[in-house]
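Here's a quick walk through one chain, with a stop at its core, one of its helices and its cysteines. Have a look at the structure first, then read on.

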Amino acid sequence: MTTTYTVAGMTCGHCVSSVTEEVGAVPGVTGVDVDLAAGRVSVDSDGPIDPAAVAAAVEEAGYEVVTPS
């Protein structure tokens, strides 16, 4: 199952690694793909993931989820 989120504020490779690390630590997440140019984060999971947990992980990395898409 894959869910895509639009994330504001990412501008460089460090942003990508920070978001990947934080979101990857959310229980149930099996993969994270960050598209820096599009400002999107795709989250793979083995079941439903709480969007609030993903948003909190993105905020912990220093960025903001604009909207789940």
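## Burial and confidence

A residue counts as buried under 20% relative accessible area, as exposed over 50%, and as partly exposed in between. Alanine 52 has a relative accessible area of 48%, so it lands in the partly exposed class. Keep in mind that this is a predicted model.

As for confidence, the chain averages a pLDDT of 94, and 97% of the residues score at least 70. Element by element, E2 has the highest mean pLDDT at 97, while strand E4 (residues 64-68) has the lowest at 82.

## The nonpolar core

The largest nonpolar core has 19 residues. Which of them have the most contacts inside it? They are Val7, Met10, Val19, Val58 and Tyr63. At least two core residues come from each of strand E1 (2-8), helix H1 (13-24), strand E2 (29-35), strand E3 (40-45) and helix H2 (51-60). H2 gives the most, with four residues.

Two of those well-connected valines are worth a click. Once you leave aside neighbours within four places in sequence, valine 19 is in contact with Met10, Gly24, Val34, Val41, Val58, Ala61 and Tyr63. Valine 58 sits in helix H2 and counts as buried because its relative accessibility is just 1%. With the same neighbours set aside, valine 58 touches Val7, Val19, Val23, Tyr63, Glu64 and Val65. Its C-alpha atom is 13 Å from that of valine 29, which is 29 residues away along the chain.

Serine 18, in helix H1, is also worth a look. Is it buried or exposed? At 15% relative accessibility, serine 18 counts as buried. Beyond its neighbours within four places in sequence, serine 18 is in contact with Ala61 and Tyr63.

## Helix H2, side by side

H2 has two faces to look at. Val54, Ala55, Ala57 and Val58 are buried in this helix. They cover an arc of only 160° around the axis, so they lie on the same side of H2. Glu59 and Glu60, on the other side of H2, are exposed.

Now for the ends. At the start of H2, aspartate 50 has a side-chain oxygen that reaches to within 3.0 Å of the backbone nitrogen of alanine 52. Alanine 52 itself is found in helix H2. Its C-alpha atom is separated by 13 Å from that of glycine 28, with the two positions 24 residues apart along the chain. After the helix comes glycine 62, with a positive phi near 105°.

## The cysteines

How many disulfides does a search of the whole structure find? The count is zero. The sulfur of cysteine 12 has its closest cysteine sulfur in cysteine 15, 3.5 Å away, and that is too far for a bond. The cut-off behind this is 2.5 Å between the sulfur atoms.

The two residues differ in how they are classed for burial. Cysteine 12 counts as partly exposed because its relative accessibility is 31%, whereas cysteine 15, at 4% relative accessibility, counts as buried.

Methods: Residues numbered from 1 in each chain as written. Predicted model: local features only at pLDDT ≥ 70, side-chain atom pairs only at ≥ 80, totals over all residues. Heavy atoms only, no water. Core = buried A, V, L, I, M, F, W, Y, C linked by side-chain atoms within 4.5 Å. Buried < 20%, exposed > 50% of the residue type's maximum accessible area, 1.4 Å probe, protein only. Contact = heavy atoms within 4.5 Å. Arc of directions from axis to C-beta. Polar contact = N/O pair within 3.5 Å; in protein donor to acceptor, adjacent residues only side chain to side chain. pLDDT = per-residue confidence, 0-100.
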